[in-house]
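Colleague: Before I use this model, I would like to go through some of its labels and ask what each one rests on.
Modeller: Go ahead.

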Amino acid sequence: MPFVPQSPACDPHDCHRHHSEEETTTGIPMATILAAARLSRPLAQLALKAPGLKDGAAGLRPRPEFWFSVSGVTKGGRSYATTTTAAPTEVSEIGERAVLITGCDSGFGFALAKHLHEKGFIIYAGCLLKEQGRGGSKELDDMESDHMRTVQLNVCDSEEVSRAVDFVTSTLKGPDTGLWGLVNNAGVSTFGEVEFTSMDTYKEVAEVNLWGTIRTTKAFLPLIRRAKGRVVNISSMMGRMANPARSPYCITKFGVEAFSDCLRYEMRPHEVKVCIVEPGNFIAGTSLYSPERIKSIADKMWDELPEIVRRDYGRKYFDEQVAKMQSYCNSGSTDTSPVIDSITHALTSTTPYTRYHPMDYYWWLRMQVMTHMPAAISDRLYIY
Ligand SMILES: NC(=O)c1ccc[n+]([C@@H]2O[C@H](COP(=O)([O-])OP(=O)(O)OC[C@H]3O[C@@H](n4cnc5c(N)ncnc54)[C@H](OP(=O)(O)O)[C@@H]3O)[C@@H](O)[C@H]2O)c1
């Protein structure tokens, strides 16, 4: 099956990646600032990045490239801009390439496993509930395809992660050629203001979203490195902008962003690409929240609240916050294809983007304002 690089053409989920002619809040054109920042590097670093200094002997240093096109649009993996002037040049084959996805019991993970399988990839679908015979693993197993391999995988359990590495290594056709893709998708969420959230809750969410991502990445990285493959981390728009009553989730996704950036820098010499997907609100299309889950979180939270917090805020205020969360969940998109397409692009394009923003325009604009404007303005616009 041909390994078709995805088109970088502008589409509704793509247009936001352009910010070439942008002006900054200081009124200075973005291109000027980028050029100034580039030229202010120490000379030693400039020399290393200069075209023509490829370390051919080691075969590790990637081909030097100009990160900015003549139009000032950032290119390639550096930013979330499109490659408007540099179309992908290579066409490769999916062949025996394999991808491991965590959290395939439901939601994006389940849909992605089926989608990539259809495209011809060998799928290792990590499922939390496989051994219990529940969740999506049964349906994936029922496909009876030798390209669809489910594997018990709790990302919080080091032994399970290590068993999964052994399973993948022993069943890959050529373990020496490694694993093409790792998609860190497993995640949980919760809600609640800082004063309402227990330390146990902070730790539970971080254990899956942050430490689970790091644990799984470290375990599979040698295989990915051998394949010069891809790591795709599913973060969230909440990994770029914080929100009241979402701190347990936001801190983990901010952590995933930082981890991914560090890993991207480190992996560049090894030609491993690290991409971040930051979905907006797709809650209606996944199992991340449900009215029942929100109610059960709220009941437990209220029961465990310190007396002073319960008394000072009062039940009425607490119930209003829970109702707000319920309505936020109902507003999400049921069509998860923008997320699935973004992850697919990250795994199949010869020039994947660093960041993908599958989200509707409201959230995209809000994210730009929250991340580019002074807080005095963005806070007033969106928070207070
Ligand atoms: N839905 C959205 O609007 C949205 C927006 C931004 C980002 N995201 C992110 O997208 C990712 C996928 O979430 P989703 O929306 O598809 O929700 P989902 O349907 O709940 O999928 C998350 C999956 O992760 C699994 N999981 C939970 N704990 C795990 C563990 N310890 N080890 C392995 N798997 C575990 C869950 O299994 P169980 O079902 O068995 O618990 C579930 O199958 C998450 O990282 C989430 O933060 C989602």
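Colleague: What span should the 29 residues of helix α6 have, and how far apart are its end C-alpha atoms?
Modeller: This is a predicted model, and its coordinates can be set against the expected value. At 1.5 Å a residue, helix α6 (residues 199–227) should span 42 Å. Its end C-alpha atoms are 40 Å apart, so the two values agree.

Colleague: Where does α6 bend, and by how much?
Modeller: The bend is at L221 and amounts to about 50 degrees. That angle is taken between axes fitted to the seven residues ending there and the seven starting there. A proline, P222, follows within four residues. Just after the helix, K228 has a positive phi of about 50 degrees.

Colleague: What makes a residue of α6 buried, and which residues qualify?
Modeller: The cut-off is 20 or more other C-beta atoms within 10 Å of the residue's own. V205, V208, N209, G212, T213, T216, T217, F220, L221, L223 and I224 meet that condition, so they are called buried. L221, where the helix bends, is one of them.

Colleague: Which elements do those buried residues pack against?
Modeller: They pack against strands β3 (98–101), β6 (181–184) and β7 (230–234), and against helices α5 (158–171) and α7 (247–267).

Colleague: How do you know that both faces of β6 are covered?
Modeller: In a regular strand the side chains alternate between the two faces of the sheet. G181 and V183 lie on one side of β6, L182 and N184 on the other, and all are buried.

Colleague: What makes β6 a paired strand on the β3 side and on the β7 side?
Modeller: Two strands pair if there are at least two bridges between them. β3 and β6 have 3 bridges, and β6 and β7 have 4, so both pairs qualify. Both pairings are parallel. V183 stands opposite I101 of β3, and its bridge partner in β7 is V232.

Colleague: Why are β5 and β9 called edge strands?
Modeller: The open sheet of 7 strands has the order β5-β4-β3-β6-β7-β8-β9, with parallel pairing. β5 (148–152) and β9 (355–356) each pair on one side only. For β5, 5 bridges join it to β4 (residues 122–127), with C127 opposite Q152.

Colleague: What is the make-up of the shell around the ligand?
Modeller: The shell divides into 14 nonpolar, 16 polar and 1 charged. Glycine is counted as polar, so G103, G107 and G187, which are among the residues that come nearest, fall in the polar class. α3 (107–118) and α6 each supply at least two residues of the shell, and α3 has the largest share, with 3.

Notes
Residues numbered from 1 in each chain as written. Predicted model: local features only at pLDDT ≥ 70, side-chain atom pairs only at ≥ 80, totals over all residues. Expected span 1.5 Å × (residues − 1). Buried ≥ 20, exposed ≤ 12 C-beta atoms within 10 Å, placed from the backbone. Contact = placed C-beta atoms within 7 Å. Near = placed C-beta within 6 Å.
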